[in-house]
Amino acid sequence: MGTKTMHCTLEGPANALAINRDATQVAVAGRNVFKVFSLDNDEFVERMNLRVGKNLNLNFSCSDVVWNVVEDHILATAATNGAVVTWNLNKSTRSKQDIVFQDHKRTVNKVCFHPSEAHILLSGSQDGTMKCFDIRKREAASTFLSSSESVRDVQFCPHHHFVFVAVQENGNVQLWDLRRADKCERQFTAHSGPVFTCDWHPDDRRLLATGGRDKAIKIWDISSKPTLSQCIQTIASVAHIKWRPQRKYHIANSSLVVDCSINIWDTRRPYVPFAAFTEHKDVATGFAWRNDPRVLLSTSKDSTLFQYLVQDAVRPANHANALSVAHVLNASGDVAFASSDRFFGGEQASSTRGRPVHPPSARFPAVFKKAPSMSDQFCQATSSLVIFSNTTIESLLVNWFQESALKYQLTGRPLPDLCESNAAVAADLGRHDVALAWRAVKTLYGSAQAGGMADFLGLASLDAVVRVDADRSSQEGSNFHTSRHNSGNTRNRNHSGSKKLQAVAARHLSGGALDRAPTTPHDPATIHTTTGDDSASSGMEDDLTLTYIASGMVNVPGDFFSEDGDTGGQSLTYNLQMSAGSGGENHQDWQLPNEAFEPRHAIRDSPPVTDLGGHPQSSPPSGDEEDVQDASALCGDMDDQSKVLTVSRPLSLPPWNPSGIVATLLSHYVDQGDVQMAVSIMIALGDKIKGCVDESTQEAWFLSYIDLLSRFEMWNVIARVIALSSVPSVSTLNQQSTVVHTLCSGCSKPLARSGWFCDRCKAVASPCAVCHEVVRGLFVWCQGCAHGGHLQHMTAWFREQRLCPTGCGHPCEYT
């Protein structure tokens, strides 16, 4: 046997391995690898490569491999194309392929040789059937039909010659007799999801172990009615299990995803693995004991083959903290508190302090001592459990979880209505922070849908005023040039503009109202005395423009001026005053006394205005005309320099996506343990939050919420959450294992074409077992005996009876 831990590297990932009867050879099979290794001299020596030949088809792509227990040179593999292939290692040809059975229509998941009959081979396929092949006849001897769409594992019972077990995709376990292919002997539901693996106990004929996607290893007592004897919770879906030889309470398992280690569990301490092998870098796809409880062989998706020694395995219990504290809170607010006794200085601890603690066997002479076994070597520790029942504190209750799950509206209405409804539900339950979060989501996304981000910021009306006033500014700008050249008087206009701004300043300082009223020209003598309602009737658009609000113009009445009438809402106006310098030279003062913000453009002279007097430009001017033109040019330059510089731009808000803030909000609630809030908001928002949270995180949140709902048995809410999920791996959960074939009560064959008429018996398959009439409406039937009937009749019958009403003697289970 092996004396050390060793490994070798394969050409590709392996799906399964098998050990021969003498444990001297191991066969490793996968999609692109199929080899036989010898285990001599404590190393892996490649003996044979079976993946050879001219035509390497899908028959060489193996999902499982098994070694014949009786004849050591016969192998069988399950192919992904539905073929079952046998291999003869004693063939003289290069290709060792012997027989190919093409009876299955889909992938074969498992093959198994009979433990004592070398010619009997059993297979389980994805097509929902099991076939028993006779190698001598080179054909399928019998076909067994399951009640599921897929059979995951089949195992012959080592204690009963004709009995084998099959585990299925729908969570059921069936016990069959080889001599009767029409009906299974017993059937029971073992797991809440697909069952992936099973294994008979090598010594105790009563025990059968199963493992499935619900992260549990369950041990069943099938001596009479199947009853659950033990349950071991794991951290991932269970892919393979094997009882440890010569160790009654030890069972090993590997996981389907997440967990790359192979764990050995002691059923007497099911909460911590007894030992763990952690050398693989990817999930283990197959393992087997080398006919010795101390040596284990395994293969993995990381393309490696390992041999382990149990003495080299990691002991998780040895690395655990000896002084541990744990507490749990249930739905009723009850608190359970467990801790090591070393935390308490009670009488028991003080009585033993200072004295060595000896095991019970130390009190007896050495001749009566029993050598400790590997299974008995536990880390000795004692702990205490204290339970505090809650009867008065309502804050510890988690009834809000169920109420919220039932009352939350996640689809079918506009988003603002959904958020407001859910906020009302949270407020009624006293969760005001959650209600505030729902209303915040409504504000962020609902207002954006209704009127844009301007509505959210309260600038919608301001934006409209800006657009209207900008149009007015452009129109009045053209009128400005016409009126200037017609009248030639700019001083009065500038003066009236400054007077008007003084009125605006007086109105702001006096607290005038912001009534919308058309502006009217005011007499200069009355401008200084305009207050109250009189000022509210002049320049109302000026008060609502962003320029007057932002620039603080009301405090500087002499620095800005506007045109006659209404001012442009977004126009930035600067008055460039002329001052007389020494020597009669014109000096331009380009500095602004009080600027609210820097001008966007350099101040330039306005372009020359087209002559409106009708004089042709080509006519030469006379002497007098030159003087007049010089004076006009001087006045024009002065007028251009004192002209209003108008910079108009539309009000634009930067784009802002609130999805990042909402993603932070979701993470906050998940960190607090309220995954319900995060999932509900994600479902309500839908595509609006797409891409803000990665898909793997969303999947983890959805699965956690579904797990919580399943603990409260809220199956309808689970179905709704799965249907509304946008994560593909979650939305397909309710599309798996959805086919359940009803059986004919006469011939016990599945009804493939219709669920009420049997093509073989040419009659109605299952009339009511109580009134013997055809069932129209809800139909209840037993998967064990295929009998059933009206819902009301079955309910009334099983209130007082346990056996089937037809008299078949089957103990039907009606819940």
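**Exercise 1. In what order do the four strands of the open sheet that includes S1 and S28 line up, and how do they pair?**

Solution. Keep in mind that you're looking at a predicted model.

Step 1: Walk across the sheet and you meet the strands in the order S1-S28-S27-S26, with antiparallel pairing.

Step 2: Now look at the ends. The edges are taken by S1 and strand S26 (284-289), and each has a single partner strand, so one side of each is left without a neighbour in the sheet.

Step 3: Check the turn between neighbours. Ignoring direction, neighbouring strands here are turned by 15° against each other on average.

**Exercise 2. Take strand S1 (residues 6-9): which side chains point to the face where they are buried?**

Solution. Step 1: Go along the strand and sort the side chains by face. Met-6 and Cys-8 point to one face, while His-7 and Thr-9 point to the other.

Step 2: Add burial. Met-6 and Cys-8 are buried; His-7 and Thr-9 are not.

Step 3: Find the partner. S1 pairs with strand S28 (residues 304-309) in the antiparallel sense, over four bridges. Opposite Cys-8 you'll find Leu-305 of S28.

**Exercise 3. Work out which strands sit at the edges of the open sheet S2-S3-S4-S5**.

Solution. Step 1: Write down the order, S2-S3-S4-S5, and note that this four-strand sheet has antiparallel pairing.

Step 2: Pick out the strands that pair on one side only. These are strand S2 (14-19) and strand S5 (45-49), the edge strands.

Step 3: Look at the twist, which averages 25° from one strand to the next.

Step 4: Zoom in on one pair. Strand S4 (residues 34-38) and S5 run antiparallel and are joined by four bridges. Here Ser-38 stands opposite Val-45 in S5.

**Exercise 4. How do helix H14 (residues 659-671) and helix H15 (residues 675-685) pack?**

Solution. Step 1: Know what to look for. Two packed helices are described by the angle between their axes and the distance between those axes.

Step 2: Fill in the values. For H14 and H15 the angle is about 150°, and the axes are 7 Å apart.

Step 3: Turn the angle into a word. Angles over 145 degrees count as roughly antiparallel, so H14 and H15 are roughly antiparallel to each other.

Step 4: Add the handedness: H14 passes H15 in a left-handed crossing.

Step 5: List who touches whom. H14 brings Val-662, Leu-665, Leu-666, Tyr-669 and Val-670, and H15 brings Val-675, Met-677, Ala-678, Ile-681, Met-682 and Leu-685. Sorted by type, the residues of this contact are eleven nonpolar, no polar and no charged.

**Exercise 5. Is Ser-254 buried or exposed?**

Solution. Step 1: Locate the residue. Ser-254 is in strand S23 (residues 250-255).

Step 2: Compare with the cut-off. Buried means under 20% relative accessible area, and Ser-254 has 0%, so Ser-254 is buried.

Step 3: See what surrounds the residue. Leaving aside neighbours within four places in sequence, Ser-254 is in contact with eight residues you can tick off: Ser-237, Val-238, Ala-239, His-240, Ser-261, Ile-262, Ala-284 and Phe-287.

**Exercise 6. Where is Pro-767, and what lies 21 residues from it along the chain?**

Solution. Step 1: Pro-767 is in the loop between strand S35 (763-764) and strand S36 (779-781).

Step 2: With a relative accessible area of 34%, Pro-767 is partly exposed.

Step 3: Gly-788 is 21 residues away along the chain, and the C-alpha atoms of Pro-767 and Gly-788 are separated by 7.3 Å.

Methods:
Residues are numbered from 1 along each chain as its sequence is written. This is a predicted model: local features need pLDDT of at least 70, side-chain atom pairs count only at pLDDT 80 or more; totals for chains, interfaces and linings use all residues. Side-chain values use heavy atoms; hydrogens and water are left out. Axes are lines fitted to C-alpha atoms, for helices over the stretch in contact, and angles run from 0 to 180 degrees between N-to-C directions. Helices (H or I, at least four residues) and strands (E, at least two) are DSSP runs, numbered from the N terminus. Angles under 35 degrees count as roughly parallel, over 145 as roughly antiparallel, 65 to 115 as roughly perpendicular and the rest as oblique. A crossing is left-handed if the near helix is turned anticlockwise from the far one by less than a right angle, and right-handed if clockwise. Contact means heavy atoms within 4.5 Å. Ala, Val, Leu, Ile, Met, Phe, Trp, Tyr, Cys and Pro count as nonpolar, Asp, Glu, Lys and Arg as charged, and the others, Gly among them, as polar. Two strands pair if DSSP finds at least two bridges between them. Buried means under 20% relative accessible area, exposed over 50%, partly exposed in between (1.4 Å probe, protein chains only).
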